[in-house]
Amino acid sequence: MASLRDIRKRIRSVKNTRQITKAMKMVSAAKLRKAQDNILAARPYATMLDQIIADLAARAGDESLSHPLLAARPVKRVELVLLTSDRGLAGGFNSNVIRRANRFLYENTHLEAIRLSTVGRKGNDFFRNRGQEIRKDFGGLYQRLNYRSAADVAEELVASYLNGEVDAVHIVYNEFVSAISQTVKVAQLLPLQTLGSEEQASAQGSTALVDFKYEPDRQAVLDRLVPQAVNIKLYRALLESVASEHGARMSAMENATSNATDMIGSLTLTYNRTRQAVITKELMEIVSGAEALK
């Protein structure tokens, strides 16, 4: 049986841990608010941009509109961009993304080559420790995350696609649903996929029969919007990942704090029982000594 001193040290240690997890929960909750506002602001813009590109292509009529980032080709070489976090203590946030990336690699072994790029230290460390070749690690991107930094990464991926180094680019990340829920998603970044016919009709609504004038012309507008749509799609995925990380860490730290409280209660009960047993034993020894002196 553990001594009273050991139990007291254990209680003190768990209380210190609870203070840390509670503080981390509060920090993540504060960061989540800003990250959630960012992603909620980015989603409508990204959706509308996809709608405009799909609408532009649909209204082309007899015009010959095309863009190399929209043209699909036989897929032989693929690049997978893995979005994880730089820090742990976020529940299953990183492990779920890594598991999905592993499944993607397993399901596409028939391809000639699959290149892997990482954003976030956890994903990079996992695959490097297992001997997986990583084309590039975009380290420190989250510390300087803005549209321009995301566009720089997207432009590098676009250059690889246009040069024929890869035939498709996919990103795997956590999509933010709520503070307690995230969904792992694999999205195709290149070639750019626009809204389908049903989605487009739903998004257009009452404007389905309205046409527009494009200056200087449709092709020029398409050439300007398509690269921007790729940048926005990657930027949105990064924002989704950041918001999901804070939500996952907040939930994990809340659970850890609750578990620490339960453990403190259990240890306190054990301490009181042990202390009572010690006192009872001492009283019995005193009574026995008094009886022996009679």
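A residue counts as partly exposed when its relative accessible area falls between the buried limit, under 20%, and the exposed limit, over 50%. This tour of a predicted model begins with a residue in that intermediate class.

**Stop 1: asparagine 146**

Select asparagine 146, in the loop between strand S3 (136–137) and helix H4 (147–162). Its relative accessibility is 36%, so asparagine 146 counts as partly exposed. Display the side chain and look towards the backbone that follows. A polar atom of the asparagine 146 side chain lies 2.8 Å from the backbone nitrogen of serine 149, and the backbone nitrogen of arginine 148 lies 3.1 Å from a polar atom of that side chain. Next, add leucine 238, which is 92 residues from asparagine 146 along the chain. The C-alpha atoms of these two residues are separated by 9.4 Å.

**Stop 2: helix H2**

Select residues 93–107, which form helix H2. At 1.5 Å a residue, its 15 residues should span 21 Å; the end C-alpha atoms are 22 Å apart, which agrees. Colour the buried residues of H2: Phe93, Asn94, Val97, Ile98, Arg100, Ala101, Phe104 and Leu105. They cover an arc of only 160° around the axis, and therefore lie on the same side of H2. An α-helix has 3.6 residues a turn, so residues three or four places apart point the same way.

Which exposed residues are carried by the face of H2 turned away from its buried side? Rotating the helix brings Arg99 and Tyr106 into view there. Returning to the buried side, one can display the elements against which its residues pack: strands S1 (77–83), S2 (113–119), S4 (168–178) and S5 (181–190), together with helices H3 (121–129) and H6 (218–293).

**Stop 3: the parallel strands**

Keep S1 and S2 on screen. These strands pair in the parallel sense over 7 bridges, and valine 81 has serine 117 in S2 as its bridge partner. With H2 added, S1, H2 and S2 make a right-handed β-α-β unit.

Move on to S2 and S3, which pair in the parallel sense over 2 bridges. Here threonine 118 has aspartate 137 in S3 as its bridge partner. S2, H3 and S3 make a right-handed β-α-β unit.

**Stop 4: strand S4 and its partners**

Select S4 and colour it by accessibility. Of its 11 residues, 9 are buried, so S4 is largely enclosed by the rest of the structure. S4 pairs with S1 in the parallel sense over 5 bridges, and glutamate 79 stands opposite valine 169 in S4. In what sense, parallel or antiparallel, do S4 and S5 run? They run antiparallel and are joined by 9 bridges. The two strands form a hairpin with 2 residues between them.

**Stop 5: glutamine 188**

Finish with glutamine 188 in strand S5, the bridge partner of histidine 170. Is glutamine 188 buried or exposed? Its relative accessibility is 18%, so glutamine 188 counts as buried. Select the surrounding residues: leaving aside those up to four places away in sequence, glutamine 188 touches Val169, His170, Gln193 and Lys233. Last, show the backbone of proline 191, whose oxygen lies 2.9 Å from a polar atom of the glutamine 188 side chain.

Terms used. Residues are numbered from 1 along each chain as its sequence is written. This is a predicted model: local features need pLDDT of at least 70, side-chain atom pairs count only at pLDDT 80 or more; totals for chains, interfaces and linings use all residues. Side-chain values use heavy atoms; hydrogens and water are left out. Helices (H or I, at least four residues) and strands (E, at least two) are DSSP runs, numbered from the N terminus. Buried means under 20% relative accessible area, exposed over 50%, partly exposed in between (1.4 Å probe, protein chains only). A polar contact is a pair of N or O atoms within 3.5 Å; within protein, one must be able to donate a hydrogen and the other to accept it, and residues adjacent in sequence count only if both atoms are side-chain atoms. The expected span of a helix is 1.5 Å times one less than its number of residues. The arc is that of the directions from the helix axis to the C-beta atoms. Contact means heavy atoms within 4.5 Å. Two strands pair if DSSP finds at least two bridges between them. A crossover is right-handed if, with the strands pointing away from the viewer, the path from the first strand over the helix to the second runs clockwise.
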